[in-house]
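Me: Could you take a close look at the pockets for me, and at whatever is built around them? I'd like one connected walk-through rather than a list.

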Amino acid sequence: MNQVIALVGMCGSGKSVCCEEFRSRGWEYVYFGGVTMKELEKRGLERNETNERSVREELRATYGKAAFAILLKDEIEEKLQKSNVCLDGLYSWSELLVLREALGERLTVVAIIAERKKRYGRISGRAVRPLTPEQAESRDIAEIENMEKGGPIAMADLFLFNDGTEEEFRAATRALIDRAETGEL
């Protein structure tokens, strides 16, 4: 039976790096932030933190706190028919509840944890959508206060810590994938 690993964590924790490892092993991939990016493109808006936040919050105001899970549920279930699936960026408690109901035991939530200063350093140095430490903190606060982001992290099934080197984190991710693929999760 195919399974879903939902990666949760604050911005800069390492979700994208973790997803690269899952994808390299042939797992299907669903990027929750892709909903926001498609909406920005549809509206002709520039990709930046202000526009992204506005669209994310508007989608949740329209569809509720479970918006992204609702909008992506069919895609997830379709991909799950073919393969294991890695979800990048499940945010809200409500999204988690929708996916738990839809996927049951096939869903495992993995929280990626990293020290805040390290996350902010990574975010400010990344090539795609860099943020200053002040912008990153503002995003953290908005995601916690407006999008129920803390719940899935606190209630995760497993935790991956990402305070070392990228290679150490990739090795830990590969070990997690091995456990998932052998039914040890």
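Reply: Here is a tour that starts with the pockets and moves outwards from there.

A word on the ground rules: this is a predicted model, so local features need pLDDT of at least 70 and side-chain atom pairs count only at pLDDT 80 or more, while totals for chains, interfaces and linings use all residues. Residues are numbered from 1 along each chain as its sequence is written, and side-chain values use heavy atoms, with hydrogens and water left out.

The largest pocket has a volume of about 700 Å³. A pocket here is an open set of points on a 1 Å grid over the protein atoms alone, where a 1.4 Å probe fits, with protein on both sides within 12 Å along at least five of seven lines; lining residues have an atom within 4 Å of a point. Points are joined across faces, edges and corners, and the volume is the space filled by probe spheres set on them. There are 33 lining residues, and the closest to the centre are Gly 12, Gly 14, Lys 15, Ser 16 and Arg 126. The elements giving two or more residues to this lining are H1 (15–24), strand S2 (28–31), H2 (33–43), H3 (49–63), H6 (116–125) and H9 (166–181). Helices (H or I, at least four residues) and strands (E, at least two) are DSSP runs, numbered from the N terminus. H1 provides the largest share, four residues. By class, the lining has twelve nonpolar, ten polar and eleven charged residues, where Ala, Val, Leu, Ile, Met, Phe, Trp, Tyr, Cys and Pro count as nonpolar, Asp, Glu, Lys and Arg as charged, and the others, Gly among them, as polar.

The second largest pocket holds about 180 Å³ of space. Its lining includes Val 35, Lys 38, Glu 39, Glu 58, Leu 59, Tyr 63 and Leu 72. H2, H3 and H4 (67–82) each give two or more residues to it, with H2 giving the most, at five. Its classes come out as five nonpolar, one polar and five charged residues.

H3 gives two or more residues to the lining of the largest pocket and also to that of the second largest. What about its length? Its 15 residues should span 21 Å at 1.5 Å a residue, and the end C-alpha atoms are 21 Å apart, so the two agree; the expected span is 1.5 Å times one less than the number of residues. Among its buried residues are Glu 49, Asn 51, Val 55 and Leu 59, buried meaning under 20% relative accessible area, exposed over 50% and partly exposed in between (1.4 Å probe, protein chains only). The buried residues of H3 pack against H2, H4, H5 (93–103) and H7 (133–147), contact being heavy atoms within 4.5 Å.

Now for the strands. S4 (residues 107–113) is mostly covered, with six of its seven residues buried. S4 runs parallel to S1 (residues 4–8), joined by five bridges, and Val 4 stands opposite Leu 107. Four bridges also join S4 to S5 (residues 158–161), again in parallel, with Ala 111 opposite Phe 159. Pairing takes at least two DSSP bridges between two strands.

Last, a loop residue: Arg 129 sits between H6 and H7. Arg 129 has a positive phi of about 50° although it is not a glycine, and it counts as partly exposed because its relative accessibility is 25%.
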